[in-house]
Amino acid sequence: MTALRIATFNVENLTDAPDADAPLAARIDVLKPQFVRMAADIVCLQEVDARRAAAASKRSLAALDTLLQGTEYQTFHRATTSLRRTANTLEVGLKRIAPG
């Protein structure tokens with residue numbers, strides 16, 4: 001039987017905003033090793049910042065991109081929810097894409 005690893009995290013407003021409570025680099029130093037170690041096939045994340053640049057029509061997941069850079073998760077398929085009415089955060093799902 002093949003095991004399927006599912007992980008879920010509330011990353012509590014993962015953002016690269018300059019006014020964030022904790023700098024993104026410091027959060028990545030803590031989070032990235034955990035992501036690498038868990039080796040999950042599906043990852044569900046809550047409270048990922050999804051701000052829109054002034055001239056952009058689409059929201060950006062820049063902080064998430066930075067966190068996942070250099071990990072296997074940067075190539076996972078992504079699915080996102082709609083924005084919550086109270087904040088610029090999304091719930092994000094990451095899924096391993098089957099080879100072939």
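Three short exercises on this predicted model follow, each with a worked solution.

Local features need pLDDT of at least 70, side-chain atom pairs count only at pLDDT 80 or more, and totals for chains, interfaces and linings use all residues. Residues are numbered from 1 along each chain as its sequence is written, and side-chain values use heavy atoms, with hydrogens and water left out.

**Exercise 1.** Determine where Thr15 sits and what it touches.

- Locate Thr15: it is in the loop between strand 1 (6–14) and helix 1 (24–38). Helices (H or I, at least four residues) and strands (E, at least two) are DSSP runs, numbered from the N terminus.
- Check exposure: Thr15 is buried, at a relative accessible area of 12%. Buried means under 20% (1.4 Å probe, protein chains only).
- List contacts (heavy atoms within 4.5 Å). Beyond four places in sequence, Thr15 touches Ala20, Leu24, Arg27, Asp49, Arg51 and Ala63.
- Look at polar atoms: one in the Thr15 side chain lies 3.0 Å from the backbone nitrogen of Ala17.

**Exercise 2.** Work out how strand 1 and strand 2 are arranged.

- Pair them: the strands run parallel, joined by 6 bridges. Pairing takes at least two DSSP bridges.
- Pick one bridge: Asn10 partners Gln46 in strand 2.
- Trace the connection: the chain passes from strand 1 through helix 1 to strand 2, a right-handed β-α-β crossover. Right-handed means a clockwise path from the first strand over the helix to the second, with the strands pointing away from the viewer.

**Exercise 3.** Identify the contacts of Leu67.

- Set aside neighbours within four places in sequence.
- Read off the rest: Leu67 contacts Leu14, Ile28, Leu31, Lys32 and Phe35.

Notes. Buried means under 20% relative accessible area, exposed over 50%, partly exposed in between (1.4 Å probe, protein chains only). A polar contact is a pair of N or O atoms within 3.5 Å; within protein, one must be able to donate a hydrogen and the other to accept it, and residues adjacent in sequence count only if both atoms are side-chain atoms.
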